Amino acid sequence: VSQDPHKVSHTHGGAPGGAFNVVGKPRRRVDARAKVTGQTRFADDLSLPRMLWMKLVRSPHPHARIVKIDASRALAHPSVKCVLTGKDLPITYGILPVSQDEHALCLDRVRHVGDPVAAVVALTEDEATAALELVHVEYEVLDTIADAEDALNKPEPRIHEYGDDGNVHKRVAFEFGDVEQALKDSPRVFEDVMFFEGNTHLPIEQHATLAAVDENGRVVVYSSTQTPHYLHRALTKVLQMPGARIRVIATPNGGGFGGKSDPFNHEIAAAKAALVTGRPVKIALTREEVFYCHRGRHPVLMRFRTGVDEQGKLQAMSLETLLDGGAYGSYGVASTFYTGALQTVTYQVPRYAFRGCRAFTNKPACGPKRGHGTVQPRFGQEVQLDKIAVALGKDPAELRLMQLAQPGSLTANYLKLGTMGLGKCIELVVEGSGWKQKWQKLPFGKGVGLACSSYLTGAGLPIYWNDMPHSGVQLRLDRMGGVTCFCGATEIGQGSDDVLANMVAEVLGIEPRDVQLVTGQTDVTPIDLGSYSSRVTIMAGNAAIQAAERARDLIAGPAAKKLGIPRDRVGFADRRVFDVEDPAKGLTFEEAIVVAEAEHGTLGTVGSYKPPASPAKFKGGGVGPSPTYSYSATVVQVDVDPKTGWISVEKIWMAHDIGRALNPTLARGQVEGSVYMGLGEALYEESAFRRLPEKLSKANVHKFPSLLEYKSPTTLDMPDVVTYLVEEPDKNGPFGAKEVGQGPLLPIMPAIANAVFDAVGVRIDECPIRPEAVLRALDEKAKGRPARIGPASFPAIPWPEPLKVPPPWEGGDGTAVNEKPRKSGKPGTPYAKKPIDTKPSIDTVTP
Amino acid sequence: MMRVPPFRYVAPRTVDEAAKALRDAGPEGMLLAGGTDLLPNMKRRQQTPKVVIGLRGVQELKACLANQDGSITLGAGLTLAGTVKSPYARQDAYRALTTAAGKVATTHIQNMGTLGGNLCLDTRCNYYDQNYEWRKAIDFCKKAPDGEAQREVTHGTCWVAPGSPRCWAVSSTDCAPALVALGAQVTLVSADGRRTIPVLSLYKNDGMDYLAGKRRDEVLTQVHVPAMAGWRSTYWKLRRRGSFDFPVLSVAAALKLGKGGVVESARVALGAVASCPLEVSTESLIGKPLTDDALEAFADLAARPARPLDNTDYHLSWRKRVTREYVLGALKELRGDAPSLLQRTAARVLPVVSA
């Protein structure tokens with residue numbers, strides 16, 4: 001065990017000579033068989049005897065006061081067993097401690113079309129559906145707040161009684177160095193206003209929950225959730241029950257992408273209904289209802305002002321963002337911070353200012369979608385860099401390569417970087433795509449575009465303040481040779497089960513399929529905070545390594561004694577425990593366990609992980625820090641038809657610095673999946689809303705809450721993708737691994753925008769990039785006007801006085817010079833300043 | 001899960017039985033062929049027939065014939081996949097039809113959906129193709145008033161064009177414009193008899209009464225495509241994704257060229273830019289060679305009647321502009337030009353896997 005157990009450093013394998021047993025070998029994932037044979041039991045596959053069905057009465061109004069609810073006719077329906085309303089669940093909840101603004105069933109106010117008002121529980125789903133019409137709800141309709149600018153202009157009626165003011169949920173402002181002065185001193189300043197439309201996760205599995213009261217009187221909630229622990233906490237709060245009497249079991253998710261990371265109203269209502277009726281209660285959402293759960297990408301308007309020298313070297317950057325948050329807080333405060341967090345981790349930005357504002361609007365709440373909050377400003381930043389390169393006559397690849405952020409460095413906003421393979425990534429895609437022969441050299445209508453990105457490998461802080469580990473693993477070794485790995489990590493399709501099996505197998509010299517996995521059950525498995533922020537591989541992975549190393553230590557001693565060799569000569573590989581100097585001499589893994597159990601008694605170990613402390617000590621500095629960052633670079637080649645503006649993506653080259661590819665098959669799948677999702681965001685998908693003529697109606701509905709009309713690409717729309725995995729092992733990553741689930745999504749959208757410019761010479765400063773925008777821009781160009789489509793201006797927002805944090809090279813120490821002393825560590829405030837615990841988290845080892 | 005509302009199912013074995021069942025059911029009855037249009041609509045409560053008359057068991061609806069005069073007759077019950085594969089339809093002159101049928105939604109839907117069903121496809125609109133709850137949130141629309149609560153009031157609002165007296169839902173059938181371009185006819189059978197009318201006469205430019213040419217008690221039984229020796233035809237479809245979207249614009253064109261490449265006859269139809277397929281006059285092309293100038297001038301004229309509105313995918317003004325380019329592209333393809341990017345996009349279909 002390393003001296004500093006919370007910083008496990010593993011860059012070599014468990015086999016003799018540091019070779020890897022399992023890591024780096026392309027393998028079929030451990031859950032593949034169950035998935036392809038249909039044996040995986042998703043939440044909607046579950047059924048229990050005497051199970052009832054629940055459906056939710058949803059608001060038809062975007063904004064209204066609930067005057068009266070009369071459920072008597074529904075209760076008289078012979079099949080209906082119970083009807084719940086807001087009064088049955090009056091306690092608020094929300095994923096962030098600072099945004100406890102949701103009711104499982106609306107109490108006195110509905111805030112978007114689809115907000116649930118009552119839950120009807122009946123013998124069958126059909127009857128529950130039919131009985132929805134029997135619940136009479138009287139509303140007093142209020143004015144609709146349609147979008148972020150609407151919210152800025154209309155403080156009344158307020159959607160929530162909390163927030164900064166009016167319909168502004170949150171405003172934040174930071175300054176890392178004197179940015180205005182640096183902009184004045186910069187030879188060239190580029191200003192761009194851009195817009196990124198909202199979009200949604202679109203997991204193929206629709207959310208479903210089954211709640212029941214078990215034989216011991218505990219509430220069991222099976223749900224398609226990415227965050228069973230946070231759901232557990234919300235249930236404890238709203239149901240007013242001790243956590244020990246609630247069990248949350250995260251079923252395998254058929255895709256999540258951030259859309260199943262909040263505690264949801266249907267989950268809480270189902271649990272309550274199970275308690276009230278004493279019978280199992282199930283709810284399976286329709287696709288339209290999934291659109292109402294949403295928590296997807298925020299629509300973001302942004303303004304960049306960036307100063308560069310004559311060579312294009314960044315001098316300073318000022319970024320303002322305006323987020324359309326929808327009707328609830330969700331992760332929104334974090335999302336707001338995230339829109340300004342990662343501008344500094346790809347290229348050296350000596351001075352940086354960020355101001356962000358999130359507004360409440362009468363639409364389903366936005367939240368975290370793959371790339372959480374960093375996707376929109378990354379689009380803006382990478383498109384602006386392309387403009388800078390063109391304006392200065394520089395190759396965009398060279399412009400980036402000359403000012404890469406340095407590995408291990410501290411950024412202007414106090415993010416501590418780990419390994420940094422972006423340079424290699426750029427070189428690979430430039431070489432692979434023939435960039436030098438193509439950029440500005442292809443015939444009119446054809447073009448290439450380049451963009452880069454970076455993403456967190458796990459959020460440095462948990463959602464709620466605590467000093468405990470973020471992930472834990474227990475291993476159980478039995479005398480029949482079995483190894484069971486218990487971990488709270490949740491399989492959402494990304495391969496978290498495979499990572500756990502991979503780590504344990506690597507260290508113990510067995511096969512991943514030898515490892516029995518028990519995951520995502522709050523009463524059985526140790527904590528894992530959830531499958532979000534690309535944190536599972538690094539956190540559960542490091543915890544698993546620690547537990548497995550402790551198991552190896554337990555086995556090695558007795559095995560050495562049995563073999564009559566010194567302990568340091570014991571090797572683990574090929575399901576054997578043997579003498580590394582005479583491999584023929586050894587025990588089977590099973591025999592080794594037997595001797596170990598004889599010596600120690602019952603064998604079990606634990607491991608846990610907590611990210612290193614961040615050097616950012618200022619308020620708000622908790623969003624952005626990560627144990628390490630992944631890097632991606634892409635080149636996209638497009639064909640643009642100048643007569644119609646139709647964009648055809650011909651080929652994509654994507655390089656991703658993953659630190660170490662634990663299972664390259666899975667890693668490539670994540671890269672290709674990110675490319676696919678990016679393509680949808682770039683060209684097709686938008687959470688567009690429909691307002692009817694205001695004189696006639698206050699309606700504000702999602703334009704097309706369906707799989708048919710919400711246009712997500714299909715396999716037929718996928719171009720060829722060439723994937724390069726760059727491995728720059730990071731000391732904080734398990735065997736050096738960094739994230740791959742989110743990062744490669746980010747550069748796709750700006751690369752396509754840049755490629756469109758290269759093809760036909762027009763700038764589309766908005767995403768998605770619609771063919772009609774390309775055509776309009778070409779019209780403008782033909783008329784001799786600026787060939788650019790995008791937002792005209794950024795609204796004047798009364799920003800608060802920024803927190804002034806001098807960057808490290810200007811004598812800063814990570815604190816703000818103008819920060820008022822705060823009440824220290826107010827419980828439940830995620831970003832409150834607390835002395836950051838630098839002690840390693842100590843784990844008890846059993847026995 | 002969304003489920004269909006309860007209904008009584010009638011399974012006739014002959015066209016006559018079907019026609020009688022339809023007459024007997026009155027306004028409560030609807031015909032079910034492949035079900036790919038009606039069943040999703042029923043789940044969304046856009047249509048809630050009390051009697052559903054299933055045509056699956058009516059064998060005569062599947063019969064196809066090659067007639068002595070060189071024309072062909074296709075049974076309305078032929079599946080779309082069957083239409084694509086039909087030896088009768090597989091001629092160069094009829095390529096507009098086989099291409100159109102091959103581009104309806106997905107392979108799965110082509111295996112279920114029928115030629116007759118596609119001709120009778122309900123008109124589509126973003127305000128209408130939504131489930132009951134969504135439509136309640138906009139207080140319903142002219143085409144689908146609140147059927148569930150049995151309210152008498154029809155709100156009379158078409159949200160696409162609130163000032164308009166009519167419904168602007170979009171004709172979204174792929175096969176109809178193709179068959180218009182081929183000059184096809186259809187046979188309609190009722191308990192009182194049968195009649196044959198041109199395909200175009202089935203339709204009216206009204207999102208609700210779009211099938212005005214077919215009486216409610218008539219069953220569409222056959223499609224007759226004339227002999228077209230020397231013709232060539234094509235079908236261009238605009239949709240977001242090559243895998244399964246409805247058209248938001250389509251152009252069907254058929255041409256017969258005479259000596260020296262002079263146009264002898266031509267028919268062009270537009271789809272998905274009105275509440276019915278639109279036939280475009282080709283007079284300006286007749287008797288002339290297909291020069292670029294002639295085609296450009298024709299495309300300008302042909303796109304004029306297209307009136308896309310804000311009730312489908314893509315911006316309406318863009319769809320209008322692309323109409324012209326699609327007309328031009330389709331005719332250039334028939335002239336024999338090399339395929340453009342546009343054509344590759346427009347003609348993007350699933351790769352054919354031979355058995």
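Me: In this predicted model, contact means heavy atoms within 4.5 Å. What share of the contacts in chain B with a separation of 6 or more comes from residues 24 or more positions apart?

Reply: The count takes in contacts in chain B with a separation of 6 or more. Within that set, the part owed to residues 24 or more positions apart is 65%.

Me: Which radius of gyration does chain B have, and what would a compact globule have?

Reply: Chain B has 355 residues, and for that number a compact globule would have a radius of gyration near 20 Å. The value for chain B agrees with this. Along the principal axes, its C-alpha atoms fill a box of roughly 65 × 45 × 40 Å. The radius of gyration of chain B is 20 Å.

Me: What percentage of the residues in chain B is buried?

Reply: Chain B holds 11 helices and 12 strands, and it exposes about 14400 Å², of which carbon and sulfur atoms supply 54%. A residue is buried when its relative accessible area is under 20%. Among the 355 residues of chain B, the buried share is 57%.

Me: Is B:Met228 buried or exposed?

Reply: B:Met228 lies in the loop between β8 (219-225) and β9 (231-238) of chain B. Beyond its neighbours within four places in sequence, its contacts are B:Ala93, B:Tyr94, B:Ala181, B:Leu182, B:Ala254 and B:Arg267. Because its relative accessibility is 5%, B:Met228 counts as buried.

Me: What distance separates the C-alpha atoms of B:Met228 and B:Tyr94?

Reply: B:Tyr94 is among the residues in contact with B:Met228. Along the chain the two residues are 134 residues apart. Their C-alpha atoms are separated by 8.0 Å.

Me: How does B:Leu39 count, and which patch does it help to make?

Reply: B:Leu39 sits in helix α2 (residues 38-43) of chain B. Its relative accessibility is 30%, so it counts as partly exposed. Together with B:Val4, B:Phe7 and B:Tyr9, B:Leu39 makes a nonpolar surface patch of about 310 Å².

Me: Which helix gives the most to the largest nonpolar core?

Reply: In soluble globular proteins, nonpolar side chains tend to be buried together. The largest nonpolar core has 117 residues, and A:Leu422, A:Ile752 and A:Val774 touch the most other members. With 9 residues, the helix that gives the most to this core is α18 (residues 748-760) of chain A.

Me: How many residues does the other core have?

Reply: This core lies apart from the largest one. Its members include B:Ala178, B:Val223, B:Val248 and B:Cys276. The number of residues in it is 77.

Key. Residues are numbered from 1 along each chain as its sequence is written. Chains are lettered from A and ligands numbered from 1 in the order in which they are written. This is a predicted model: local features need pLDDT of at least 70, side-chain atom pairs count only at pLDDT 80 or more; totals for chains, interfaces and linings use all residues. Side-chain values use heavy atoms; hydrogens and water are left out. Patches are made of residues with over 30% relative accessible area and no salt bridge: like charges are joined within 9 Å, nonpolar side chains (Val, Leu, Ile, Met, Phe, Trp, Tyr) within 5 Å. Accessible areas come from the Shrake-Rupley method with a 1.4 Å probe; for residues, only the protein chains shown count as cover. A salt bridge is a side-chain nitrogen of Lys or Arg within 4 Å of a carboxyl oxygen of Asp or Glu. Helices (H or I, at least four residues) and strands (E, at least two) are DSSP runs, numbered from the N terminus. Buried means under 20% relative accessible area, exposed over 50%, partly exposed in between (1.4 Å probe, protein chains only). The radius of gyration is taken over C-alpha atoms; the globule rule is 2.2 Å times the number of residues to the power 0.38. A nonpolar core is a set of buried Ala, Val, Leu, Ile, Met, Phe, Trp, Tyr and Cys residues joined through side-chain atoms within 4.5 Å.
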